[in-house]
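Biologist: Could you take me through this model step by step, and tell me each time what a word means before you use it to draw a conclusion?

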2 protein chains.
Amino acid sequence: MKRSRLSEALPAGLIVAVDRNSPTPLYRQLYHAYRDAITERRLRAGERLPSTRGLADELGISRLPVIDAFEQLLAEGYFEARVGVGTFVARALPGEMPAQRRAASAATGERGGKRVLARRPEALLGRGPEPWLAGRGAFRLSQPAIEHFPFRVWSTLLARQARSPKASLLHYGDPLGYLPFREAVAAYLRAARAVRCEADQVMVVSGSQQALEIAARVLLDPGSSVWVEDPGYGGARDALTMAGARLVPVPVDEDGLDVAAGIARSPRARAVHVTPSHQYPLGATLSASRRMRLLDWARASGAWILEDDYDSEYRYQSQPVAALQGLDRDARVVYIGTLSKILFPGLRVGYLVIPRDLVARFAAVRDAMDIFPPTLPQAALADFLADGHFARHLRRTRQIYRERRGVLVEALRRELGGTVEVLGDQAGMHLVAALPDGTHDRRLAERAAGAGLWAMPLSTCYLGDPRPGLVLGYGGTGVDEIRDGVRRLRRVIEED
Amino acid sequence: MKRSRLSEALPAGLIVAVDRNSPTPLYRQLYHAYRDAITERRLRAGERLPSTRGLADELGISRLPVIDAFEQLLAEGYFEARVGVGTFVARALPGEMPAQRRAASAATGERGGKRVLARRPEALLGRGPEPWLAGRGAFRLSQPAIEHFPFRVWSTLLARQARSPKASLLHYGDPLGYLPFREAVAAYLRAARAVRCEADQVMVVSGSQQALEIAARVLLDPGSSVWVEDPGYGGARDALTMAGARLVPVPVDEDGLDVAAGIARSPRARAVHVTPSHQYPLGATLSASRRMRLLDWARASGAWILEDDYDSEYRYQSQPVAALQGLDRDARVVYIGTLSKILFPGLRVGYLVIPRDLVARFAAVRDAMDIFPPTLPQAALADFLADGHFARHLRRTRQIYRERRGVLVEALRRELGGTVEVLGDQAGMHLVAALPDGTHDRRLAERAAGAGLWAMPLSTCYLGDPRPGLVLGYGGTGVDEIRDGVRRLRRVIEED
């Protein structure tokens, strides 16, 4: 019985893979067909292959793609040629596939072996989908008034920097960031936030989350205790958890973090995360007395203070309160700020102010994490600050948020005055509408989401015993939407 | 004896701080003088303050700035007013400053207490300054031909996206990145690298360093063993070290990572970091046999493969070798790529391709690290790929690097043929000029730096017994500079 050279050498199933109507070139189809047959052990080490001429004839195609495929397979070591004899599956290749620990999943048809993963991220998982995040309804949090951002200016500044950039903007750069931008940030923080700093202490990061991430890795060992405000900011907890920290919830009242309670619970904590300007989410300002006690404790115990100066730019009833960092005489405060809320979150630019003796260490850790921040946006931002656009935008948005806040507070009093208590409306871009004890704020928030509102339940911010309420953002919600939103909220609450 | 009201109430030293010629407004000078006096305990809780009128008279200034300063100090809680009595330093403030653990440093006048820091970053420190990095001499590493990048196009695309962006580009976004860009990356990787992926598995990161950082945190626990190539890439080691991994050096030969040696040394390692396309720094391509053995081992042992597909786009003697990821049938490979070397490093854009069952976990870890990547550059990059600029730039630079590589290899043969052996010139943007055993390559590199060259000593890439040599980049060095550089290098070697 006559057999073709091809069928002598090659399992017939492989040939089916060649499809002249496919957009994939023939040589690649052949290359993949052979490679897959070998890696899946349908062709085994040492087995003979057809000649390129024979295979081309058999397939009814030109010999060229066959030669290309064979050359690639030879070059990559799947095939080997023996002079005067022919081409073979390389003898060096491994034989049978090893047995797996676990049977392959029939569902995916892919995975078989065990899948061991890091334990720490477990804490980040298993949070149910949060229905209030589903839409972009009224009262969405952490959303600035992007409709007032000067995008034409921004576009022009970016384009100017990108058109004929200096080489230093394009190559690997300083892990601290682009110096002219850091100088502009230092000047701004000195003037506006009474931060004591020079540009050599400023590190440009992608936002407060990365700032915390870097600070945690420089300052904390796995198992280090860290005070966190309760209620507090989940993002900070996540970063600290990923660093292996043990979180110590410290209660918050109308004067901010209860320092005495922190000392009572964990006097030897390695660090504290605190939002002194506008406590997240309750909105208190850390009192002068607490500021001094916190610094005293840190000085005496050797603890680090992570000052998250979130929302400090917007304050409506008095001058902005100066940063804690400016009071620190022991270089214990790592100051964290972000432009995400002042400009727009998609920009991804924030900054750290680092105690001078720790700068080299922060730089080394940053280098190991993501080397350095993108440079062209920093150059454009340096121009944005230098040309006065930043100060102008800050003034404009302060006025806008003041108005939106006023409308929200007024509407809440009018529509829901008997039910909710307004907390933390002196500053920032959100406030808390505290609800009567016993209210199921999560269910309420879900029902509000159904009515097109983004009202975050206050209870989700607690580690300990929660107080019910709704956290309502007004930065990204216009006044008409605010009035309408409060009316809807009233209906939702009345029906609860 | 008559005493002014002021001197009754206030230590005289404070008044000196007011300077009418300073650009700092008077109210801020007063505010800071009082606040500092209080936080430094020169003024103590309960002490009486002068009246605003009395103080203004005494200082010979208008009363207005005094009132402003007092109001701020009252608002922040440093002062308290007792009706009908006067203004006092708030009684709630803490008393004496606590004793410190260690005497304050006389040199800085600042720091006193103990400064406990994380232990892991110690491994990143204490590396001396590397003299070959001082200049931007010929043969600088990891530097593409930025003079050929189409900055006018890039500027136009960026400006177009920034001028009137969609709201979805500005708000908080997907931790995986901007979907249209991820779709473009997935299509590119499928076509050019034979990666098996869809956009839902692609995560946009700032480069291979952040990719490794995220992967390490998802896959590794403190103490997990990880194979690393020896010699290998220091940046990968740093990221793994920061994740608490125990590094297992595995030797490399002309077929790349010696998989059998790795299995012999650490058969139960949790993961391996490998550069299969162009081993860093020696330049070998991982052979087909080793690829299959590596996948077999990972499948059998449950290990993860971090495929760093560094430099894979540039290959000069054959078709690019397909990615390891495409051979993987057990979803064990995390694929890492970057645009830093193809476009420019200051862009900070790279990508991960994640096994589908791990996507949610990677997203959660990324969210805790830096939330999401900047969006406008991703939108501009999506356009850059869609409009064919990326493919065009890749073709152009491939030709440029092919030429530069040819000139470098030829010059090394001509000038230093008897001394150096060229390794790893089949692909990428650098090659290794291996030197005779016993050569002190670090000293040579220092002397080369003195001659204006950036020649990285090969020995710095080893954890174990090093081979001497110089790693020479040609991506960012033009042909005339290459010829001149090799002549200088010859003189440095001859004088050694």
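Biologist: How do you know how many helices and strands chain A has?

Modeller: The secondary structure of chain A comes to 15 helices and 14 strands, where helices (H or I, at least four residues) and strands (E, at least two) are DSSP runs, numbered from the N terminus. This is a predicted model, in which local features need pLDDT of at least 70 and side-chain atom pairs count only at pLDDT 80 or more, while totals for chains, interfaces and linings use all residues. Residues are numbered from 1 along each chain as its sequence is written, chains are lettered from A and ligands numbered from 1 in the order in which they are written, and side-chain values use heavy atoms, with hydrogens and water left out.

Biologist: What is the radius of gyration of chain A, and what is it set against?

Modeller: The radius is taken over C-alpha atoms, and the globule rule is 2.2 Å times the number of residues to the power 0.38. For 496 residues a compact globule would have a value near 23 Å, but chain A has 31 Å. Along the principal axes, the C-alpha atoms of chain A fill a box of roughly 100 × 55 × 50 Å.

Biologist: What share of chain A is called buried?

Modeller: Buried means under 20% relative accessible area, exposed means over 50%, and partly exposed is in between (1.4 Å probe, protein chains only). By that rule, buried residues make up 61% of the 496 residues in chain A.

Biologist: What share of the contacts in chain A joins residues at least 24 apart?

Modeller: Contact means heavy atoms within 4.5 Å. Among contacts between residues at least 6 apart in sequence, 71% join residues at least 24 apart.

Biologist: Why are chains A and B said to be related as by a two-fold rotation axis?

Modeller: The copies are superposed by least squares on the C-alpha atoms of residues with pLDDT of at least 70 in both. A rotation of 180°, with 0.0 Å of shift along its axis, superposes chain A on chain B with an RMSD of 0.1 Å, and the two copies are thus related as by a two-fold rotation axis. In chain A, the C-alpha nearest the axis is that of A:Ala159, which is 2.7 Å from it. The same surface serves both copies, since 100% of the contact residues of chain A recur in chain B.

Biologist: What makes the bond between A:Tyr280 and A:Pro281 stand out?

Modeller: Most residues other than glycine have a negative phi, and most peptide bonds are trans. The bond that joins A:Tyr280 and A:Pro281 is cis, with omega about 5°, and A:Pro281 is found in the loop between β7 (271-274) and α10 (288-301) of chain A. In chain B, the peptide bond from B:Tyr280 to B:Pro281 is cis, with omega near 5°.

Biologist: Which sign does phi have in A:Ile371, and is this residue buried or exposed?

Modeller: Although A:Ile371 is not a glycine, its phi is positive, about 70°. A:Ile371 lies in the loop between α11 (359-369) and α12 (375-386) of chain A, and with a relative accessible area of 14% it is buried. In chain B, phi of B:Phe139 is near 75°, a positive value in a residue other than glycine. B:Phe139 sits in the loop between β2 (86-89) and α5 (151-163) of chain B, and at 0% relative accessibility it counts as buried.

Biologist: Why is helix α8 of chain B called largely enclosed?

Modeller: Seven of the nine residues of this helix (residues 234-242) are buried, so α8 of chain B is largely enclosed by the rest of the structure. Among the buried residues are B:Ala236, B:Arg237 and B:Asp238. Just after α8(B), B:Gly244 takes a positive phi of about 85°.

Biologist: How do you know whether B:Val185 is buried or exposed?

Modeller: B:Val185 is found in helix α6 (residues 179-193) of chain B, and at 2% relative accessibility it counts as buried. Not counting residues up to four places away in sequence, B:Val185 touches B:Val202, B:Tyr351 and B:Leu385. B:Ala192 is placed in helix α6 of chain B, and at 35% relative accessibility B:Ala192 counts as partly exposed. B:Ala192 and B:Ala323 are 131 residues apart in sequence and 9.2 Å apart in space, C-alpha to C-alpha.
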